[in-house]
Amino acid sequence: MTFTRRDAIRGIGAAALATTGLARPAIAQGAAKISFTTSWIPEGPNLFAYVARDKGFWKKHGLEVSVARGSGSGAAAQAVSAGTFDFGMAATPTAIVQAARGLPITCIGQINYDALMGIGVLADSPIKTPKDLEGKRLGASVTSGEYPFLALYAQKAGFDLAKVNMLQIDGKVRERSLIEKQVDAVAAFATSTIPSLAPLGTDLRFMLFRDAGIEFYGQSLTTQPARVEKDPNLCAAFVAGAMEAIKFTMTNFAEAVDIFLKANSEVALSSTGKAYAQVGLGLTNLTNLVPEVKENGFGYADPKKVATMADLVVQYAAGDKAQKPDTAALFTNKFAGTVKLNADEAKAAETSAAPYKKYVV
């Protein structure tokens with residue numbers, strides 16, 4: 001029995017969506033019941049949420065948080081904007097897209113700092129450089145977050161996208177298409193594709209967009225702007241619990257994986273489930289070993305980087321009628337920086353993440 005994203009999607013029923021308003025009991029009056037949606041099925045980037053809930057990081061801040069499984073960053077961002085969930089997470093470029101299209105959304109804490117978008121190939125592939133993609137079959141899904149930036153990547157990496165044989169494939173079968181060599185390469189997020197294939201003994205190499213100078217943050221915590229204004233204490237408590245959990249996953253790797261597996265039986269029961277969780281968390285933790293966290297603490301978003309990301313997103317992904325959002329309003333650091341790594345903790349985090357560098361360096 002092996003675990004892939006396709007298996008998980010098939011095994012996960014649609015989560016019940018509890019419509020919520022902005023009214024919430026004050027934290028001082030008892031545990032505030034909060035709804036939160038991840039952006040995707042259980043995996044490395046959202047592993048922290050199960051740790052925050054089950055290890056008690058949110059509870060210590062007076063919050064009782066329910067965690068719903070997502071079906072994509074776009075859907076998660078829209079559900080949060082509509083108030084279906086109090087808080088959520090979404091790929092940072094997707095959150096910018098939704099804001100550019102007029103949805104009320106605010107990013108209140110950065111979860112990780114590299115989307116790890118790129119082109120994945122089998123380890124023994126003759127494709128060694130982006131230029132080698134010319135004349136080859138590239139599997140891509142128009143609904144996937146990296147798709148809008150393929151033209152920009154081709155431009156910056158120095159190859160002609162018109163000479164690449166683009167094959168539209170469903171994201172649910174992307175990994176299988178690569179294994180079965182129906183395509184020579186896939187456009188994907190390394191944080192999802194590598195954990196699905198590496199435990200099966202499939203060696204991969206990724207040519208990352210960041211290596212061509214296209215840098216996007218990974219995932220952001222989101223809520224409605226009105227909530228930030230009307231209940232900042234609740235937002236602060238939620239972000240603090242999340243960031244404490246992220247720090248825990250980086251400094252207590254094995255225990256964090258165990259907590260995740262206990263919370264997600266469909267992963268734990270598969271023969272490759274533990275490795276799937278380990279690789280996914282290892283890659284995610286690597287993206288948090290960055291100056292933003294080391295210098296400013298967890299959750300901090302660099303305003304200059306955010307502005308650059310917004311320019312690229314509006315130009316390539318948001319559509320003709322979209323307008324660049326006010327990034328100072330879209331991203332706030334008022335809840336960031338309360339959780340930090342000391343020198344010993346930073347060393348422990350780097351040690352636990354080191355085995356996963358081979359996949360993306």
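Reader: How much space lies in the largest cavity?
Author: In this predicted model, about 50 Å³ of space lies in the largest cavity.

Reader: What makes it a cavity, and what is the second largest pocket by contrast?
Author: A space is called a cavity because a 1.4 Å probe fits there but cannot get out, whereas a pocket is an open set. About 420 Å³ of space lies in the second largest pocket, and of the 20 residues that line this pocket, the closest to its centre are Tyr113, Asp114, Arg210, Glu215 and Val290. Helices α13 (291-296) and α14 each supply at least two residues of that lining.

Reader: How many cavities of 30 Å³ or more are counted?
Author: The count comes to two cavities, and the second largest has a volume of about 30 Å³.

Reader: Which residues line the largest cavity, and into which classes do they divide?
Author: The lining is made up of Gly44, Pro45, Phe48, Ile111, Ile246, Thr249, Leu281, Thr284, Asn285 and Asn288. Because Pro counts as nonpolar and Gly as polar, Pro45 falls on the nonpolar side and Gly44 on the polar side, and the lining divides into five nonpolar, five polar and no charged residues. Helix α12 (273-286) and helix α9 each supply at least two of them, with the largest share, three residues, coming from α12.

Reader: What makes some residues around the second largest cavity count as charged?
Author: Asp, Glu, Lys and Arg count as charged, and therefore Asp114, Arg210 and Glu215 in this lining are placed in that class. The lining as a whole divides into six nonpolar, no polar and three charged residues.

Reader: Why are Leu150, Leu152, Tyr153 and Ala154 of helix α5 called buried?
Author: Buried means under 20% relative accessible area, and these four residues of α5 (residues 150-157) are the ones classed in that way. They pack against the strands β5 (117-122), β6 (137-140), β7 (165-168), β8 (185-189) and β9 (204-208), and also against α14 (303-316). After α5 comes glycine 158, whose phi is positive, near 85°.

Reader: How do you know that isoleucine 119 touches Leu150 and Tyr153?
Author: Contact means heavy atoms within 4.5 Å, and Leu150 and Tyr153 are among the residues that isoleucine 119 touches, along with others including Leu133, Ala185 and Phe206. Ile119 is also one of the residues with the most contacts inside the largest nonpolar core, which has 114 residues. Helix α9 (residues 232-251) gives the most to this core, with eleven residues.

Technical notes: Residues numbered from 1 in each chain as written. Predicted model: local features only at pLDDT ≥ 70, side-chain atom pairs only at ≥ 80, totals over all residues. Heavy atoms only, no water. Core = buried A, V, L, I, M, F, W, Y, C linked by side-chain atoms within 4.5 Å. Buried < 20%, exposed > 50% of the residue type's maximum accessible area, 1.4 Å probe, protein only. 1 Å grid on protein atoms, 1.4 Å probe; cavity = no way out; pocket = protein on both sides within 12 Å on 5 of 7 lines; lining within 4 Å. Points joined across faces, edges and corners; volume = space filled by probe spheres on them. Lists of a residue's contacts leave out its neighbours within four places in sequence.
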